[in-house]
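Me: I would like a close look at a single part of this model, followed outward to the elements around it. Please keep the account connected and formal.

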Amino acid sequence: YQTSNQLLIDSLKKRYNFIELQDSLNTGKALFSKFPLKVLAYLPQSQSYVIEMEMESDTLYLINCYLHSNGISRVNSQEKYKGMMDLLGKYYADMHKGYKARQKQATEIGLCVKNISGNVIVCGDLNDIGGSRTISSIKTTKMRDAWWQAGCGYGHTYHLHNLYYRLDHCLYSGKIRPVRMKVIQSAKYSDHYPVVIDFICR
């Protein structure tokens with residue numbers, strides 16, 4: 001979305017009473033809700049907000065993330081490399097930089113999650129695969145991966161340059177339970193497919 005697209009914002013407001021735009025961080029993140037939203041904290045390393053959502057029967061805490069990229073799309077868009085070794089060297093440098101940055105971000109989010117009791121969802125473009133140190137640092141001991149509970153198959157979300165990875169995740173804890181999680185592969189608006197998840201409160 002873009003905040004300058006007022007028609008889009010106005011149409012969303014007709015469906016969602018509460019909108020939390022995080023465009024000031026230049027991450028393109030936003031939350032649209034039918035329930036009241038309250039910003040509780042800001043996590044500077046991951047540039048994420050901790051949001052409290054007051055539902056009808058319970059409270060939900062959301063952390064909407066966009067973690068540091070490996071820069072694969074950016075590297076492929078450049079044509080200044082002299083040969084394969086030059087290209088591989090750039091890949092390695094960018095991936096190492098991304099790995100180190102995501103570790104700091106994931107550690108910050110994981111520590112935050114440890115201090116929250118109740119229903120918690122951490123979701124978004126985590127730019128890493130399932131089972132990675134990034135995901136493990138966030139999950140700690142109490143969070144589950146919604147894909148393994150409600151998804152089906154490989155579920156890749158990144159799809160450019162003949163690379164297919166599940167980089168977009170949803171981790172959760174508390175009394176909520178995912179009943180369906182689906183990657184919408186027909187929506188090719190970016191290098192990542194969108195993901196839809198249905199939760200119920202137990």
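Is tyrosine 16 buried, partly exposed or exposed, and at what relative accessibility?

Reply: The model is a predicted one, and the values below are computed from it. Tyrosine 16 has a relative accessibility of 23%, so this residue counts as partly exposed; the range for that class begins at 20%, under which a residue is buried.

The surroundings of tyrosine 16 are best described through its aromatic partner. The structure holds 3 aromatic pairs. In one of them, the ring centres of tyrosine 16 and phenylalanine 32 lie 6.1 Å apart, and the ring planes meet at 50 degrees, so the arrangement is tilted. Planes have to be under 30 degrees apart to count as stacked and over 60 to count as edge-to-face, which means that 50 degrees belongs to the tilted class. This contact links distant parts of the chain, with the two positions 16 residues apart in numbering. Tyrosine 16 sits in the loop between helix 1 (6-15) and strand 1 (18-21), whereas phenylalanine 32 belongs to strand 2 (residues 30-33). Phenylalanine 32 is partly exposed as well, at a relative accessible area of 27%.

A further aromatic pair is formed by tyrosine 42 and tyrosine 49. Their ring centres are 5.1 Å apart with planes at 45 degrees, so this pair is tilted too. Tyrosine 42 has a relative accessible area of 36% and is therefore partly exposed.

From here the description turns to the sheet. Six strands form an open sheet in the order 3-4-5-6-8-7, and the pairing is mixed. Its edges are strand 3 (37-43) and strand 7 (144-145), each of which pairs on one side only. Strand 5 (residues 59-66) is mostly covered, with 7 of its 8 residues buried. On one side, strand 5 runs antiparallel to strand 4 (residues 48-54), and 5 bridges join the two. A hairpin of 4 residues connects strand 4 to strand 5, and within this pairing glutamate 52 stands opposite tyrosine 61 of strand 5. Strand 5 also pairs with strand 6, here in the parallel sense and over 7 bridges. Across that pairing, isoleucine 63 faces valine 122 of strand 6, and cysteine 65 stands opposite glycine 124 of strand 6.

The chain beyond strand 6 contains a backbone feature of interest. Asparagine 127 lies in the loop between strand 6 (119-125) and helix 4 (133-139). Although asparagine 127 is not a glycine, its phi is positive, at about 55 degrees. With a relative accessible area of 5%, asparagine 127 is buried. Histidine 161 likewise has a positive phi, near 55 degrees, and is a residue other than glycine. Histidine 161 is placed in the loop between helix 5 (146-150) and strand 8 (168-173), and is partly exposed at a relative accessible area of 37%.

That loop between helix 5 and strand 8 also holds tyrosine 164. The relative accessible area of tyrosine 164 is 39%, so this residue is partly exposed. Tyrosine 164 contributes to a nonpolar surface patch of about 400 Å², made by Ile129, Tyr154, Tyr164 and Tyr165.

Notes: Residues are numbered from 1 along each chain as its sequence is written. This is a predicted model: local features need pLDDT of at least 70, side-chain atom pairs count only at pLDDT 80 or more; totals for chains, interfaces and linings use all residues. Side-chain values use heavy atoms; hydrogens and water are left out. Rings of Phe, Tyr and Trp (its six-membered ring) pair if their centres lie within 6.5 Å; planes under 30 degrees apart count as stacked, over 60 as edge-to-face and the rest as tilted. Buried means under 20% relative accessible area, exposed over 50%, partly exposed in between (1.4 Å probe, protein chains only). Two strands pair if DSSP finds at least two bridges between them. Patches are made of residues with over 30% relative accessible area and no salt bridge: like charges are joined within 9 Å, nonpolar side chains (Val, Leu, Ile, Met, Phe, Trp, Tyr) within 5 Å. Accessible areas come from the Shrake-Rupley method with a 1.4 Å probe; for residues, only the protein chains shown count as cover. A salt bridge is a side-chain nitrogen of Lys or Arg within 4 Å of a carboxyl oxygen of Asp or Glu.
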